[in-house]
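Subject: The structure we talked about

Hi,

Here is the structure I said I would pass on. Have a look at it first, and then read my notes below.

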Amino acid sequence: MWAVSRRRVSSSSVLGQSFRIARPSRCYSSSSNEAYAKTLVSRKGTSQVAGIVGSLGFPFGPRPLRDVISFVQRYPPIFVRTRSFSADSGELVDAVVPFMGESITDGTLASFLKHPGDRVEVDEPIAQIETDKVTIDVSSPEAGVLEQLVAKVGDTVEPGTKIAVISKSGGVTHVAPSEDKPSKEASEPCPAKAKKVETKKPKAETPPSKEKPTAPSLPPPKPSAKEPQLPPKERERRVPMTRLRKRVATRLKDSQNTFAMLTTFNEVDMTSLMKLRSDYKDAFFKKHGVKLGLMSGFVKAAVSALQNQPIVNAVIDGDDIIYRDYIDISIAVGTPKGLVVPVIRNADRMNFAEIEKGINILAKKANDGSLSIDEMAGGSFTISNGGVYGSLLSTPIINPPQSAILGMHSIVSRPMVVSGEVVPRPMMYIALTYDHRLIDGREAVFFLRRIKDVVEDPRRLLLDV
């Protein structure tokens, strides 16, 4: 039988030649091959090694050990290794970061809405990515169980980055026995050692040594009055800035460094607009399904002022001035995560009801963190209402690449002279911060004056006067 095996795998056989030609080339060190051959010989014996190698198709017979080592160095063995990933390759699905917008290249993993072992449905948000502008949800691609979290909270991720693994079959990750429970041998002490511990005699107690009385320590010297008293470091805490906060800080500082900003002020008597709101708020809500607020009146007044002073709606671009023939009003909204500025498109073509509905939708999305990039892109003029927080007077900062911003403030009842009599009136200070490189003081004052006239007498909007 051994002779037949030798003839079948002889060097002149076709099988041996084809195997040598087709076998892929691999690089092994001679020392590792020699050690491998010696291991085979020591475990199997020379004759069994020859049979093993010969059964694989190598031209080898019972040779001395040096021939075995020489053969292994020339034809190293091929090892095939496999590992099990899942019972079905389609059972595990990766949850990756979606496309976040053309101007957004990365984001910060803010939080996980689901944890390993939780059940998830298709398109159910499992994590939130915080970017420079918006917060984006990462949805589950399949229904199943969240098996593993790949990324960590605070990691910087890009579109396509895998953050979690979803199991469609609802399985859970199995832990190796060595990691699951500690072995009994490790938990239970050795009997011999236990006996030694029991038979160990306690040391004789030594009498306490008499300590010499020490001199009382002197109190620390009192700091001089000139030294500053700094608070202790343990009463301070350092928190990293969010991406939205860093983006807002960068844009505001760039605005101060770029524009020649100047602010002009005026005051508005809110009596007429507040009376109009009080008289028609119920009928307005019944017909349009939205409450009539003061913001729609100021948006309409700003549209009228921008049409009268188109230079305020323009912007400098290099050595040119770009005049915009459209009016997109940005509304500054403060959220717990930072300041966002969604845009009302084509405000000059909208009525009071459409403006109120648009503001309510954008404000709700801003508080929920569900604003999209398109809803915040662009804008030709900004209105900031600090009066909702009780601000009496402020100088707002221009939102680039715009050229001006209107600041509204709180309504305060103040004594005013009307027809020669002092009467209380609900008054509001308004401020216009503008780029003085483009807008002169004359246009800025006329702009605020037009807003004052429209708010104090809304009938001007109907008559266009």
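Below is what I found, starting with how far to trust the coordinates.

Keep in mind that this is a predicted model. The protein chain has an average pLDDT of 77, and 68% of the residues score at least 70. Two stretches need care. Over residues 1-61 the pLDDT stays under 50, and the model has 67 contacts beyond four places in sequence for them. Residues 172-204 also stay under 50, with three contacts beyond four places in sequence. Where pLDDT is low, the predicted coordinates shouldn't be read in detail.

Now for the sheets. One is an open sheet of four strands, ordered β5-β4-β2-β7, with antiparallel pairing. Its edges are β5 (135-139) and β7 (156-157); each has a single partner strand, so one side of each is left without a neighbour in the sheet. Inside this sheet, β2 (residues 107-112) and β4 (residues 125-130) run antiparallel and are joined by four bridges. If you want a spot to check by eye, T108 has E130 in β4 as its bridge partner.

The other open sheet I looked at also has four strands, in the order β1-β8-β6-β3, and its pairing is antiparallel. Here β1 (92-96) and β3 (119-120) stand at the edges with a single partner strand each, so each has one side without a neighbour in the sheet. β3 is joined to β6 (residues 144-149) by two bridges, the strands running antiparallel. R119 has V145 in β6 as its bridge partner.

Further along there is a hairpin made by β18 and β19, with two residues between the strands. Eight bridges hold this antiparallel pair, and M416 stands opposite V423 in β19. S419 sits in the loop between β18 (411-418) and β19 (421-435), and this turn residue has a positive phi of about 55°. Is S419 buried or exposed? With a relative accessible area of 77%, S419 is exposed.

That brings me to some backbone oddities. Most residues other than glycine have a negative phi, and most peptide bonds are trans. Besides S419, with its phi near 55°, have a look at N346, which isn't a glycine but has a positive phi of about 50°. N346 lies in the loop between β15 (343-344) and α12 (352-368). Its relative accessibility is 30%, so N346 counts as partly exposed. Then there is a cis peptide bond between P400 and P401, with omega about 10°. P401 belongs to the loop between β16 (381-385) and β17 (404-408).

Last, a pocket. The second largest one holds about 480 Å³ of space. Which residues lie nearest its centre? They are K300, F352, P458, L461 and L462, out of 22 that line the pocket. The elements giving two or more residues to this lining are α10 (271-288), α11 (295-308), α13 (441-456) and α14 (459-463). α11 gives the most, with six residues. Sorted by class, the lining has twelve nonpolar, four polar and six charged residues.

If you're wondering where to start, I'd go for the hairpin of β18 and β19, and then turn to the pocket with K300 and F352 among the residues nearest its centre.

Cheers

Note on methods. Residues are numbered from 1 along each chain as its sequence is written. This is a predicted model: local features need pLDDT of at least 70, side-chain atom pairs count only at pLDDT 80 or more; totals for chains, interfaces and linings use all residues. Side-chain values use heavy atoms; hydrogens and water are left out. On a 1 Å grid over the protein atoms alone, a cavity is a set of points where a 1.4 Å probe fits but cannot get out, and a pocket is an open set with protein on both sides within 12 Å along at least five of seven lines; lining residues have an atom within 4 Å of a point. Grid points are joined across faces, edges and corners, and a volume is the space filled by probe spheres set on the points. Ala, Val, Leu, Ile, Met, Phe, Trp, Tyr, Cys and Pro count as nonpolar, Asp, Glu, Lys and Arg as charged, and the others, Gly among them, as polar. Two strands pair if DSSP finds at least two bridges between them. pLDDT is the predictor's confidence in each residue, from 0 to 100. Contact means heavy atoms within 4.5 Å. Buried means under 20% relative accessible area, exposed over 50%, partly exposed in between (1.4 Å probe, protein chains only).
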